[in-house]
Amino acid sequence: MKIENIIQKGLKTALAELYDFTPAESQIQIQNTRKDLEGDVTVVVFPFLRFSKKSPEQTGDEIGTYLVKNIEFVNSFNVIKGFLNLEIESSFWIDSLLEAYSNKNFGTDSQPEVSETVMVEYSSPNTNKPLHLGHIRNNLLGYSISEILKATGKKVIKTNIVNDRGIHICKSMYAWQKWGNGRTPENTGMKGDHLVGEFYVEFDKHYKAEVAELIEKGLSKEEAENQAPSILAARELLVKWEAKEEETMQLWKTMNSWVYEGFDVTYKTLGVDFDKIYYESETYLVGKEEVLRGLKEGLFYKKEDGSVWADLTAEKLDQKILLRSDGTSVYMTQDIGTAKMRYEDYSIDKMVYVVGNEQNYHFQVLAILLDKLGFKWGKDLYHFSYGMVELPSGKMKSREGTVVDADDLVENMVNVARDVANELGKLDSLSESDAEDTYRMIALGALKYFILKVDPKKNMLFNPEESIDFNGNTGPFIQYTYARIQSVLRKAADKNITVNSDINVDEISGKEKDLLKRVSLFPSVVAEAADNYSPAVIANYCYELVKEYNQFYHDHYIISESNEETRNFRLVLSSTVASVIKKGMNLLGIEMPERM
RNA sequence: GGACCCGUAGCAUAAUUGGAUAGUGCACCUGACUACGGAUCAGGAGGUUGGGGGUUCGAAUCCCUCCGGGUUCACCA
């Protein structure tokens, strides 16, 4: 049983007996005692003063005395300025360590009676550009939050909606036809998504030149933008695509398949995956049907030009277009269709969209529209909105070539990891392929941790010049500690020292106790991360845990400890810490090397 | 202009959701290995939490008001 629950229960009876008062949940505040003060658990007594009608010190005194007398684990207490600090017996913490040590699923085994099914949408790329740093944040957050939700007993379906249709795809297709010279991933050796991305850039280059030329000839900017030969050609392709014209469909399929192969490689390096992939080319018509149904039911209205709109002024929002005057669908229409298909395919209780915060308005509207259309799950869809990744120069802009490519970034990181490891000479004993594997783990550990440790809501800054650190509050720091513990455990095994759960120690040091307390927090940290949709909570916990372990390691002998009982206790402690680190970091999608 | 978000030391970030003296890393100084891994540990310096007001036992956190930054308000996706 968790210490908070025990104290809470005791506190309730204490208040009832002492002051004849039954507190509400919100009035009971139990927290960990500040590091620099005596005690383990702290109760805030301010909320009780109205009922005790005594000073904070006196009230704390009375409650403290009561708890020491009535709860066997509470040894002593002190009161500082209205904060009641309780000291908990060591045996309690040792028991909680044993629970963590013996339970393989410690922290990830909470099983709510009714297990919800949650679908998490993330990644959601366009097929005309390779993935970049922004996508990396999206993918890491999406993957991690899925793992965290699973750890709290939810059934999770990871999904990806690929935006594979529209004018932007036609631009790349046109550029390939016109300037492609028959280049393919096979004959150039290029990754498919990068190749297609080049054509998209190529299109933009020609288009811009054409527009400039037309303006030169006296056309207005708008006229020029609408009459440039390239854009006319791309639009023509879109019309052909919608008419399912044979040759165009073939080209579309071929180029998309190049991109998918490229994406698959990137997803694999990042270590993310999906249970089900949707394609907008398959869902947008469903959305259109839904909008027309809504129109018939009088939820939406039609303008004279034939376009269909939703009036959201009652919700203090604007008018929103749902179908263009030519009857084609917009972004919103597609999302309605995709949502409908998802709920038909799976019995989802909740939908989570991992999409950047520039879409806040879109999802606010989507929730209202789904609700209007009568989908009961619409109103409480969750938009996991995260901030953007900025560069020192500002926002990433593909036109200005300031985009940080996902594949390049990972490759650079692996190179840096290799250099650092070689300089330290740590991996000389490993075979080449094992060493490469380790460099990759470290590189990705650094990258993932760097991104996931910051609060998802916040915009974050990434400086490619400075690259990512391997010291301090970083992924490799945590990996290093893990590898070091593994090394200790290996050495112990070599010396035929057995580790068993029969712990007999009378006294433990302050550092050891800190570590025990920290380990016991893991399950509630996982729960908190899930409640707040925040992998950062896990990342920060892992860091604190590891930092505390390193302090303990520095101050105490483990294998070399002469007292066998103490040695055994420290081995159990080390092994438990290692497994908690591994579990926590796995929730972030970060692997732990056995040596580094 | 309307709506939403953000502002913490030179930089990057945390703060148990309103709690105690605002933690941590990088960078900068100083120290620690002939017993388990120095990608480590210990210490120092660095803050009016953008400014001002308010709410209360108590504010980085809530309210008001300025200042600065971002996003969004497309018959683009």
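Q: What makes two residues of this predicted model count as a contact, and which share of the contacts with a separation of 6 or more in chain A comes from residues 24 or more positions apart?
A: Contact means that heavy atoms lie within 4.5 Å. In chain A, counting contacts with a separation of 6 or more, 73% are made by residues 24 or more positions apart.

Q: What makes a residue buried, and what percentage of the residues in chain A are buried?
A: A residue is called buried because its relative accessible area is under 20%. Of the 596 residues in chain A, 51% are buried, and the chain holds 21 helices and 14 strands.

Q: How do you know that the span of H17 agrees with its number of residues?
A: The expected span is 1.5 Å times one less than the number of residues, so the 20 residues of H17 should span 28 Å, and with the end C-alpha atoms 29 Å apart the two values agree.

Q: Which residues of H17 are buried, and what do they pack against?
A: Among the buried residues of H17 are Phe477, Ile478, Tyr482, Ile485 and Val488. The buried residues of this helix pack against helix H16 (432–452), H20 and helix H21 (564–587).

Q: Why is the pair formed by Thr474 and Phe477 at the start of H17 called a polar contact?
A: A side-chain oxygen of Thr474 reaches to within 3.2 Å of the backbone nitrogen of Phe477, and because the cut-off for such a pair of N or O atoms is 3.5 Å, the pair qualifies as a polar contact. H17 is followed by Asn496, which has a positive phi, near 60°.

Q: What makes a residue near RNA strand B, and which residues come nearest?
A: A residue is near the strand if one of its heavy atoms lies within 4 Å of it. There are 70 residues around RNA strand B, of which Asn163, Asp305, Lys426, His556 and Tyr557 come nearest. Of the atoms of RNA strand B that come within 4 Å of the protein, 54% belong to sugar and phosphate.

Q: How do you know that Gln29 and Asn550 make polar contacts with RNA strand B?
A: A polar side-chain atom of Gln29 lies 3.1 Å from a base nitrogen of RNA strand B, and an N or O atom in the side chain of Asn550 is 3.4 Å from a sugar or linking oxygen of this strand. Both pairs are therefore polar contacts, since the cut-off is 3.5 Å. Helix H17 (475–494) and helix H20 (535–555) are among the elements that give two or more residues to the surface near RNA strand B.

Conventions. Residues are numbered from 1 along each chain as its sequence is written. Chains are lettered from A and ligands numbered from 1 in the order in which they are written. This is a predicted model: local features need pLDDT of at least 70, side-chain atom pairs count only at pLDDT 80 or more; totals for chains, interfaces and linings use all residues. Side-chain values use heavy atoms; hydrogens and water are left out. A polar contact is a pair of N or O atoms within 3.5 Å; within protein, one must be able to donate a hydrogen and the other to accept it, and residues adjacent in sequence count only if both atoms are side-chain atoms. Helices (H or I, at least four residues) and strands (E, at least two) are DSSP runs, numbered from the N terminus. Buried means under 20% relative accessible area, exposed over 50%, partly exposed in between (1.4 Å probe, protein chains only).
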